[in-house]
Amino acid sequence: MELIELFSASVCPFAHRCRLALLEKQVPFEVVDIDLRNKPAWYRDINPDEAVPALRQGDFVLRESLIINEYIDELAPEPALMPASPQERAMARWWIDFADTRFVPLFYQLLKAQEEEERLAIQERLLTVLGTIDTELKRRHQDAAPYWFGGEVGLTDIAFYPWFERWPVLEHCRGLGLPGELTSLIGWIESMRKRDSVKKTGMPADFYIAEYEDYVGKKPTK
Ligand SMILES: N[C@@H](CCC(=O)N[C@@H](CS)C(=O)NCC(=O)O)C(=O)O
């Protein structure tokens with residue numbers, strides 16, 4: 001197999017998804033770090049949007065974290081990162097879409113919101129989404145199975161996890177901790193933290209806080 005290069009940045013949760021998938025899939029790859037504050041001009045030829053992640057393998061270039069992860073999963077049958085049954089595969093896609101369209105945008109909207117009223121409204125919506133995730137995890141395995149679709153980690157877990165590693169940013173900048181009653185969600189995060197892929201790619205909370213304070217554009221509002 002031709003070597004895979006992943007254009008990435010440690011701060012970026014989307015690129016984090018792809019590093020996790022590559023490690024879980026045990027596919028050899030090289031990380032090329034892109035400084036998002038000072039992107040090299042050549043990177044525009046790889047990704048005209050100048051965003052990370054991008055994957056390059058010989059002449060083949062692919063963008064978008066979720067599409068990249070589907071490609072990574074299809075490189076080899078094992079370990080499978082999608083469930084086996086068509087219905088569970090469909091549900092995995094549904095939850096991956098939920099992560100991207102309903103959960104992730106609220107994370108950024110909350111960080112960017114400058115007015116208190118707007119912030120509280122977004123926070124409410126984000127808490128509802130967290131409740132939906134917790135209810136689904138409870139319904140699926142009553143706290144017994146470590147991952148979304150049972151005993152094996154998959155693309156659904158990977159689609160969500162990077163934002164939970166960055167949750168201390170919301171806690172620090174917006175005073176929003178993870179509610180303790182969301183026991184299934186918290187249990188799932190703990191299971192993810194035990195994985196080698198997560199340990200190898202993880203960064204400390206202070207790193208994310210410093211990076212995102214810059215992104216938020218001002219110091220905490222608490
Ligand atoms: N939908 C894209 C989002 C990628 C994205 O937004 N990446 C950010 C970093 S987290 C980026 O590179 N933004 C361009 C910039 O910072 O100039 C994906 O899933 O890959």
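Mentor: Glu50 lies in the loop between H2 and E3, where helices (DSSP runs of H or I, at least four residues) and strands (E, at least two) are numbered from the N terminus. The model is predicted, with local features needing pLDDT of at least 70 and side-chain atom pairs counting only at pLDDT 80 or more, whereas totals for chains, interfaces and linings use all residues. Residue numbers start from 1 along each chain as its sequence is written.

Trainee: Why is Glu50 called partly exposed?

Mentor: The label rests on a count of other C-beta atoms, placed from the backbone, within 10 Å of the residue's own: 20 or more make it buried, 12 or fewer exposed, and anything in between partly exposed. Glu50 has 14 such neighbours inside 10 Å, so it counts as partly exposed. Its backbone also deserves attention, since Glu50 takes a positive phi of about 60° although it is not a glycine.

Trainee: What makes a positive phi worth noting in a residue other than glycine?

Mentor: Most residues other than glycine have a negative phi, and most peptide bonds are trans. Gln26 is another such case, with a positive phi of about 55° although it is not a glycine, and its place is the loop between H1 and strand E2 (29-33). Because only 10 other C-beta atoms lie within 10 Å of Gln26, that residue is classed as exposed. Gly175, just after H7, takes a positive phi of about 65°.

Trainee: Which peptide bond that ends at Pro53 is cis, and which one ends at Pro79?

Mentor: The bond from Val52 to Pro53 is cis, with omega near 5°, and Pro53 sits in the loop between helix H2 (43-46) and strand E3 (54-57). The bond from Glu78 to Pro79 is cis as well, its omega being near -10°, and Pro79 belongs to the loop between H3 and H4.

Trainee: Which residues are around the ligand?

Mentor: The residues around the ligand are Cys12, Phe14, Leu36, Glu50, Ala51, Val52, Pro53, Glu64, Ser65 and Leu66, nearness being granted when a C-beta atom, placed from the backbone, lies within 6 Å of the molecule or strand concerned. This shell divides into seven nonpolar, one polar and two charged residues, with Ala, Val, Leu, Ile, Met, Phe, Trp, Tyr, Cys and Pro counted as nonpolar, Asp, Glu, Lys and Arg as charged, and the others, Gly among them, as polar.

Trainee: How do you know that H1 and H3 are roughly parallel to each other?

Mentor: H1 and H3 pack at an angle of about 5°, with their axes 9 Å apart; the axes are lines fitted to C-alpha atoms, for helices over the stretch in contact, and angles run from 0 to 180 degrees between N-to-C directions. Angles under 35 degrees count as roughly parallel, over 145 as roughly antiparallel, 65 to 115 as roughly perpendicular and the rest as oblique, so H1 and H3 are roughly parallel. In this packing Phe14, Ala15, Arg17, Cys18, Ala21, Leu22 and Lys25 of H1 meet Ser65, Ile68, Asn69, Ile72 and Asp73 of H3, where contact requires C-beta atoms, placed from the backbone, within 7 Å. By class, these contact residues are seven nonpolar, two polar and three charged.

Trainee: Why are H4 and H6 described in the same way, as roughly parallel to each other?

Mentor: Helix H4 (residues 86-112) and helix H6 (residues 155-165) pack at an angle of about 10°, with their axes 9 Å apart, and they are therefore roughly parallel to each other. The residues of this contact divide into 11 nonpolar, one polar and one charged.

Trainee: What makes H6 mostly covered?

Mentor: In H6, 11 of its 11 residues are buried, and what covers them includes H1, H3, H4, H7 and helix H8 (183-193).

Trainee: Where are the bounds of domain 1 and domain 2?

Mentor: Domain 1 spans 4-74 and domain 2 spans 86-216, bounds that come from an automatic or database domain assignment. Their centres, taken over C-alpha atoms, are separated by 21 Å, and the contact takes 13 residues from domain 1 and 17 residues from domain 2. The elements giving two or more residues to the side of domain 1 that touches domain 2 are helix H1 (13-25) and helix H3 (65-74), and the largest share of that side, eight residues, comes from H1.

Technical notes. Contact = placed C-beta atoms within 7 Å.
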